[in-house]
There are 2 protein chains.
Amino acid sequence: MISVKQALQTVLDTTQDFGIEEIPFIQSVGRILKEDIKADRDFPPFNRVAMDGIAIDFSSFQNGQRTFQIEGIQPAGSEQISLQNSENCIEVMTGAVLPNNTSAVVRYEDVVIENNSARVSIETVSDRQNIHAKGKDGKVGDILIQQNTKISAAEIGVLATVGKSMVKVAKQPKVMIVSTGDELVGVAKTPLAHQIRRSNIFTLVSLLEKLNIPSETAHITDDKPILKEKIKNYLKEYDVLLFSGAVSKGKFDFLPEVFEELGVEKLFHKVAQRPGKPFWFGVADTLRLDEQGDSERAVKRTENKNQKNTIVFGFPGNPISTYVNCLAYFYPWYYKSVGLETQEENAILADDVIFKPNLTYFLQVQLSYRYGHLIAIPIKGNGSGDLASLVHADAFIQLPKTEEIRFKKGEVFPIVRYR
Amino acid sequence: MISVKQALQTVLDTTQDFGIEEIPFIQSVGRILKEDIKADRDFPPFNRVAMDGIAIDFSSFQNGQRTFQIEGIQPAGSEQISLQNSENCIEVMTGAVLPNNTSAVVRYEDVVIENNSARVSIETVSDRQNIHAKGKDGKVGDILIQQNTKISAAEIGVLATVGKSMVKVAKQPKVMIVSTGDELVGVAKTPLAHQIRRSNIFTLVSLLEKLNIPSETAHITDDKPILKEKIKNYLKEYDVLLFSGAVSKGKFDFLPEVFEELGVEKLFHKVAQRPGKPFWFGVADTLRLDEQGDSERAVKRTENKNQKNTIVFGFPGNPISTYVNCLAYFYPWYYKSVGLETQEENAILADDVIFKPNLTYFLQVQLSYRYGHLIAIPIKGNGSGDLASLVHADAFIQLPKTEEIRFKKGEVFPIVRYR
């Protein structure tokens, strides 16, 4: 049984490049940028008036002049005009081009306008004041957004400004989510006494939606030939298969055998963690699988660059196991695949925690901000089947595998946040 | 000029209930739940086998018996069977109903199976072990998710489990986003020397998308009669109007006049903050506006319960002003309107900050997690027009209005996060 650290490294070693697509910029929020965004002009592109008021030739003010005849008006969005007489002024609006032959803007609050003449009512005016100088925020050609940035509303504004109506982003992997388990019925059905409703595929869909990954779902009955036939097709069609259930020791836990028979290379099965221990993880070289034509068995993964891998995450079927493994393994796999660097978050344990098994413990916690400290308050649940306990938490805190039994209040550990 | 605190309180006093709608549960992520979700059965609904293995009558083990003949099998999803002879056992799978007349489950790892007989290879077995007891996580009728919860993947799982294929959520307000400013051209256009491209409406669309609020957008030229005609219609059609620009002192900043002439009650104009000071905020009783028929002027807002208000946020046109005001005012207004309680986040200032104007300062910061501390690293920008500087930050830290000039490294202040 491998450690969480080894398991994560193994998962990260299988990351793939799904290529690039160009999409309308307004649909790109949450996606990963795949080009550097450069300034198409200086920022601002002209000496920009930064306050509503009057534009003057600063040397006139310096020479003691305080009253300026209004020669014209320069609204935002109009072509630049010129001050004809350096003893006059031009009314200017925020966002306008600074008129030619002017060198300072005095805001309306600091002038008195009467009879088409503006008197400056303050003592001090500085050269270039209230002017947002051409190129101050950036020069044409400067990189404004680096490739591999996750696009938020802030980036959307920059994309609009530089005219990137279409933008290159990382393509999303094509994902199929499969549940197994004959005890499961649909959400709209009334289960019999021995049945429960499906829920894991929907939590997985929602967790992927958070990454803007669309996914498809299927439920397959616990029947080995049917499982094999369907999974064989999924392996050819999808980049990633996420399974929930049928990876443990049960008589009907056919998935590990089916994977093996279909040529999916097992990279590990079982991780020293709770919950989520029976996690099965593997890779299929589906290009080779295709080449085999009718053969049921694909050859093992190679280092061949022409391979097209399908990644298989076989999550244990308990709701919390599926949930935490998606966050702890699929999320980092996805981030690395699309080139997004993420920051590890950590939090301070609010209570002592006693945990005897020598396993990494993903413990549900509520997060609270106190004086700049992020506090993790453990939530009492009833084990990996207790789906409802997820509702009361915000994250999992990752307590390391150790022979020590007690984790102390005040100690800091990494967290995996889901809210 | 009112304080940020007063402005926020005024904004929050105008929150409204937009009602409830019922939508497919799988589309409800990010929405605010408007019903308590109750357990439709006990959780688990039956004594649930928690490990793959054999189910025995514990008293037989207690009486010294170690080898049990296998009488049958109880898969998950099958009707409950009964152990006929208390000296036998039944093979059981995780998720199955515990067979009648059995009271403990011994996992496969701890038994040796030969010739249809299972020998327990461990010394200690406890009564009820590896059984997830009926109702342990919740009883039928228990509230599993409280009304007013923001729905995440965790809640989706619970909704599926209790069969809520349709779920009641808060209706979203109907929002129109309007930009003004004749210097603005479309994203796909090449601006002339004195023009720039529109960006604020797109950042606003994206900021609202983060709240799952769809919005419409329009650009209106700086022409008072046109502005008036269009806004009059928007006031009737929408719950919220967000404007960017035309609220300051410029000659073409017609919005405050237009709002007044259309009967929008001004609740404040200008807030003691930087950036975003010329923020205009008001409310129109649009039901009354309708009743006036052709009259251009609606009467002022009343305390009448039959009123239908349209809320008008007139954000200043500088990109950072629009951005921060949307986060600092519209977001809390929305949260309160839909009934979501939020937690204030705060962070520790990483450097001294000197700020002379006696205004609340929303300063862009990068966030970093260090040993459970949330550190806010100030980002140098070139003022409220410097859109590109938003890309390098994650949040605004809110430094209070004070005559003190220096905010010290290590001090803790609230943050408004946008990543």
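**Exercise 1. The positive patch**

Task: Identify which residues form a positive surface patch in this predicted model, and state where B:Lys150 is placed.

Solution. Step one is to name the members: A:Lys150, A:Lys210, B:Lys150 and B:Lys210 form the patch. Step two is to locate B:Lys150, which sits in chain B in the loop between strand 11 (143-145) and helix 3 (153-161). Step three concerns accessibility: B:Lys150 has a relative accessible area of 34% and is therefore partly exposed, since that class lies between the limits of 20% and 50%.

**Exercise 2. A salt bridge within chain A**

Task: Describe the salt bridge between A:Glu257 and A:Lys224, and determine which parts of the chain the pair ties together.

Solution. Begin with the distance: the closest N and O atoms of A:Glu257 and A:Lys224 are 2.8 Å apart. Next, place the partners: A:Glu257 belongs to helix 6 (residues 255-261) and A:Lys224 to helix 5 (residues 224-237), both of chain A, so the pair ties together parts 33 residues apart in sequence. Then consider accessibility: A:Glu257 is partly exposed at 39%, and A:Lys224 is partly exposed at 23%. Finally, widen the view: A:Lys224 and A:Glu257 are linked with A:Lys228 and A:Glu261 in a network of salt bridges.

**Exercise 3. A salt bridge between chains**

Task: Determine where the partners B:Glu91 and A:Lys251 lie, and whether each is buried or partly exposed.

Solution. The two residues form a salt bridge whose closest N and O atoms are 3.3 Å apart. This pair crosses between chains, from B:Glu91 in strand 6 (residues 88-92) of chain B to A:Lys251 in the loop between strand 17 (240-244) and helix 6 of chain A. B:Glu91, at 7% relative accessibility, counts as buried, whereas A:Lys251, at 42%, is partly exposed.

**Exercise 4. A salt bridge within chain B**

Task: Explain what the pair B:Glu21 and B:Arg31 ties together.

Solution. First, the closest N and O atoms of this salt bridge are 2.5 Å apart. Second, B:Glu21 lies in strand 1 (residues 20-24) of chain B and B:Arg31 in the loop between strand 1 and strand 2 (37-38), so parts 10 residues apart in sequence are tied together. Third, B:Glu21 is partly exposed at 27%, while B:Arg31 is buried at 11%.

**Exercise 5. Totals and cysteines**

Task: State how many salt bridges and disulfides the structure holds over all chains.

Solution. Over all chains there are 26 salt bridges and zero disulfides. Among the cysteines, B:Cys89 is buried at 0% relative accessibility, and B:Cys326 is buried with a relative accessible area of 0%.

Methods. Residues numbered from 1 in each chain as written. Chains lettered and ligands numbered in written order. Predicted model: local features only at pLDDT ≥ 70, side-chain atom pairs only at ≥ 80, totals over all residues. Heavy atoms only, no water. Disulfide = S-S within 2.5 Å. Buried < 20%, exposed > 50% of the residue type's maximum accessible area, 1.4 Å probe, protein only. Patch = residues over 30% accessible without salt bridge, like charges linked within 9 Å, V, L, I, M, F, W, Y side chains within 5 Å. Areas by Shrake-Rupley, 256 points an atom, 1.4 Å probe, with all protein chains shown as cover. Salt bridge = Lys/Arg side-chain N within 4 Å of Asp/Glu carboxyl O. Lys, Arg positive; Asp, Glu negative; His and termini not counted. Charge placed at Lys NZ, Arg CZ, Asp CG, Glu CD. Helix = DSSP H or I, 4+ residues; strand = E, 2+ residues; numbered from the N terminus.
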